[in-house]
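Trainee: Could you take me through one part of this model in close detail? I would like to follow a single region and see what sits around it.

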Amino acid sequence: NLPTVKQPISIDAIQSVQVNVSNYDVTQKGYTGANINAATKSGTNEFKGSVYYVTRDDSFVGKLYNRASDTYTDQRAFDESTKGFTFGGPIIKDKLFFFVNFEANDQDNTKNVNPGTATPAQIALIGFNPATFAGSTTAPFREKLGFGKLTFQAADNHRIELTGSIRKETDTRGFGGQDAFSRGERVKNDVYTVRLEDRFVGNGFLNIASIDYLKSDLTFGASSTTDFGLNYQGLINIGGRPQFQQVGQKGLTFRDELS
């Protein structure tokens, strides 16, 4: 029951979830199994909002039971919190509405570094005692999610929506055991999306025209300021990882779906 990273959009920004298992229409294209669609919230003629804060740590979960030895041990220490707000309402009654959501998710998981036991000769050779790296170290994860929507009800059968989202994450992972904290992998993930959609219901048909923009920047691996990596086989691995990657993506999509 240890915490995991969050979803790309806050649950509080989701209005409903649709699960499709068969008989897909033209908008679903290409699926051979089930798929899930999430509809986001929109503003209404009433001003509505919420503020929330949720916290959880290892004191909220039970101990681990070892059946072979009939003993209980504590869970690894962790601490997580989620805080955010939603707010929406009318800009022009019956015509133009807004909705915004922001959420911050902080997680601190604990990982243990357990170096091998070095002999006095090995300590003299490498110049330090690997045991100095032993202990528990926090692996921090930080996430910020932002979402906004403008809805223009041009007519009963015609709606135009502009939505945007921001997802920013930092994570430290890949250390523990005989890998010191400096050996960990630093991950930075930024994703930005914008979507403009025009939905028109005619006499016996539905037309959805949309423009989507996506920009993402992902970096992971060794930090550029980390020391050169050194591996002391069977004892400890310290310093930077041997790889670093930076992946960027930009996309602009035009679609028109006529049903």
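Mentor: Happy to; what follows is a walk along strand 8 and strand 9, and then outward to the parts around them.

Please keep in mind that this is a predicted model. Strand 8 covers residues 135-155 and strand 9 covers 158-173.

Let's begin on the inside. The count comes to 1 cavity of 30 Å³ or more, and the space in the largest cavity is about 50 Å³. Which residues line the largest cavity? They are P8, I9, S10, N101, L145, G146, F147, S165 and I166. Strand 8 and strand 9 each give at least two residues to this lining, and strand 8 has the largest share, with 3 residues. As for chemistry, the lining holds 5 nonpolar and 4 polar residues, and no charged ones.

Charged side chains do turn up elsewhere on strand 8, so to speak, and R142 is a good place to pick them up. R142 forms a salt bridge with D106, with 3.8 Å from N to O. D106 belongs to strand 7 (residues 96-113) and R142 to strand 8, so this pair ties together parts that lie 36 residues apart in sequence. How covered are the two partners? R142 has a relative accessible area of 29%, so it is partly exposed. D106 is also in the partly exposed class, because its relative accessibility is 22%.

Strand 9 has a salt bridge to look at as well. Here the side chain of R173 meets that of E185, at 3.4 Å from N to O. Since R173 lies in strand 9 and E185 in strand 10, the pair ties together parts 12 residues apart in sequence. The two ends of this bridge fall in separate accessibility classes: R173 is partly exposed at 37%, whereas E185 is buried at 14%. The cut-off explains that split, because buried means under 20% relative accessible area.

One further pair is worth a look while we are on this topic. K215 and D217 form a salt bridge in which the closest N and O atoms are 2.7 Å apart. K215 is partly exposed, with a relative accessible area of 23%, and D217 is partly exposed at 30%. Returning to the D106 and R142 pair, salt bridges with shared partners join K83, D106, D108 and R142 into one network. Across the whole structure, a search finds 17 salt bridges.

Now back to strand 8, this time at Q153, which is located in that strand. Is Q153 buried or partly exposed? With a relative accessible area of 22%, Q153 is partly exposed. Its C-alpha atom is 9.9 Å from the C-alpha atom of R199, and the two residues are 46 apart along the chain.

From there we can turn to the outer surface. A nonpolar patch of about 890 Å² is made by I91, I92, L150, L162, V194, L196, I211, Y213, L252 and F254. Strand 6 (78-92), strand 10 (185-201), strand 11 (206-221) and strand 14 (244-258) each supply at least two of the patch residues. The patch also includes L162, which lies in strand 9. L162 has a relative accessible area of 37%, so it counts as partly exposed. Strand 9 therefore has a residue in this surface patch, L162, and it also supplies at least two residues to the lining of the largest cavity.

Finally, two loop residues have a backbone detail you may want to look at on screen. D94 sits in the loop between strand 6 and strand 7. D94 is not a glycine, yet its phi is positive, at about 70 degrees. With 46% relative accessibility, D94 counts as partly exposed. D70 is found in the loop between strand 4 (64-66) and strand 5 (71-73). The phi of D70 is near 55 degrees, again a positive value in a residue other than glycine. D70 counts as exposed because its relative accessibility is 54%, and exposed means over 50%.

Notes: Residues are numbered from 1 along each chain as its sequence is written. This is a predicted model: local features need pLDDT of at least 70, side-chain atom pairs count only at pLDDT 80 or more; totals for chains, interfaces and linings use all residues. Side-chain values use heavy atoms; hydrogens and water are left out. On a 1 Å grid over the protein atoms alone, a cavity is a set of points where a 1.4 Å probe fits but cannot get out, and a pocket is an open set with protein on both sides within 12 Å along at least five of seven lines; lining residues have an atom within 4 Å of a point. Grid points are joined across faces, edges and corners, and a volume is the space filled by probe spheres set on the points. Helices (H or I, at least four residues) and strands (E, at least two) are DSSP runs, numbered from the N terminus. Ala, Val, Leu, Ile, Met, Phe, Trp, Tyr, Cys and Pro count as nonpolar, Asp, Glu, Lys and Arg as charged, and the others, Gly among them, as polar. Patches are made of residues with over 30% relative accessible area and no salt bridge: like charges are joined within 9 Å, nonpolar side chains (Val, Leu, Ile, Met, Phe, Trp, Tyr) within 5 Å. Accessible areas come from the Shrake-Rupley method with a 1.4 Å probe; for residues, only the protein chains shown count as cover. A salt bridge is a side-chain nitrogen of Lys or Arg within 4 Å of a carboxyl oxygen of Asp or Glu. Buried means under 20% relative accessible area, exposed over 50%, partly exposed in between (1.4 Å probe, protein chains only).
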